[in-house]
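Student: I should like to examine this structure by asking on what grounds each term is applied. May we look at it together?

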Amino acid sequence: MGFVDIENQPAFEPLPGVRLRTPHGEQLMLSVVEMDEGSEVPLHSHHHEQAGILLEGRMLLRIGDEEKELGPGEMYIIPGGSEHRALAVGGPIKVLDVFSPIREDYAAQTHGN
């Protein structure tokens with residue numbers, strides 16, 4: 001894929017108030033997530049490893065039994081199979097997530113794979 005202009009990547013909305021852009025290679029996926037204030041990604045798990053950094057705003061993140069409110073620049077790593085949830089608090093947020101292997105369900109949304 002080479003260089004990516006994220007603004008030209010197609011976005012999709014898997015949940016109300018949650019928009020994703022997900023460029024990827026064969027084994028690695030980037031996901032720029034924008035969430036409106038109060039939007040939630042409910043408790044879920046998947047086999048993919050996930051790591052991320054909060055770029056803008058404040059996010060309440062639960063990983064397993066731990067919960068923390070994150071600010072810009074704070075990072076996290078979620079092992080595959082771990083339950084987790086995210087909530088945008090106090091305003092909109094922007095997050096950069098990384099998945100390995102790629103999320104096939106996300107790739108299909110924007111690339112028709």
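Tutor: The discussion below concerns a predicted model and takes up strand pairing, the core and the pocket in turn.

Student: Why are β1 and β2 called paired strands?

Tutor: Pairing requires at least two bridges. Strand β1 (residues 12-15) and β2 are joined by 2 bridges in the antiparallel sense, and therefore they meet the criterion. Leu15 stands opposite Val18 of β2. The hairpin has 2 residues between its strands, and Gly17 adopts a positive phi near 80 degrees there.

Student: How do you know that β2 also pairs with β3?

Tutor: The antiparallel strands β2 and β3 share 4 bridges, so the requirement of at least two is satisfied. Val18 faces Met35 in β3.

Student: What makes Val95 a contact partner of Tyr76?

Tutor: Val95 touches Tyr76, and contact means heavy atoms within 4.5 Å; therefore the two have heavy atoms within that distance. Val95 also touches Ile53, Leu54 and Met59, among others.

Student: Which residues have the most contacts inside the largest nonpolar core?

Tutor: They are Met59, Tyr76, Ile93 and Val95, in a core of 20 residues. Among the elements that each supply at least two core residues are β5 (49-63) and α1 (104-111), while β8 gives the most, with 5 residues.

Student: What makes up the lining of the largest pocket, by class?

Tutor: The lining has 14 nonpolar, 5 polar and 3 charged residues. Asp97, one of the residues closest to the pocket centre, counts as charged because Asp belongs to that class. The pocket volume is about 250 Å³, and β8 gives the most to the lining, with 6 residues.

Note on methods
Residues are numbered from 1 along each chain as its sequence is written. This is a predicted model: local features need pLDDT of at least 70, side-chain atom pairs count only at pLDDT 80 or more; totals for chains, interfaces and linings use all residues. Side-chain values use heavy atoms; hydrogens and water are left out. A nonpolar core is a set of buried Ala, Val, Leu, Ile, Met, Phe, Trp, Tyr and Cys residues joined through side-chain atoms within 4.5 Å. Buried means under 20% relative accessible area, exposed over 50%, partly exposed in between (1.4 Å probe, protein chains only). On a 1 Å grid over the protein atoms alone, a cavity is a set of points where a 1.4 Å probe fits but cannot get out, and a pocket is an open set with protein on both sides within 12 Å along at least five of seven lines; lining residues have an atom within 4 Å of a point. Grid points are joined across faces, edges and corners, and a volume is the space filled by probe spheres set on the points. Lists of a residue's contacts leave out its neighbours within four places in sequence.
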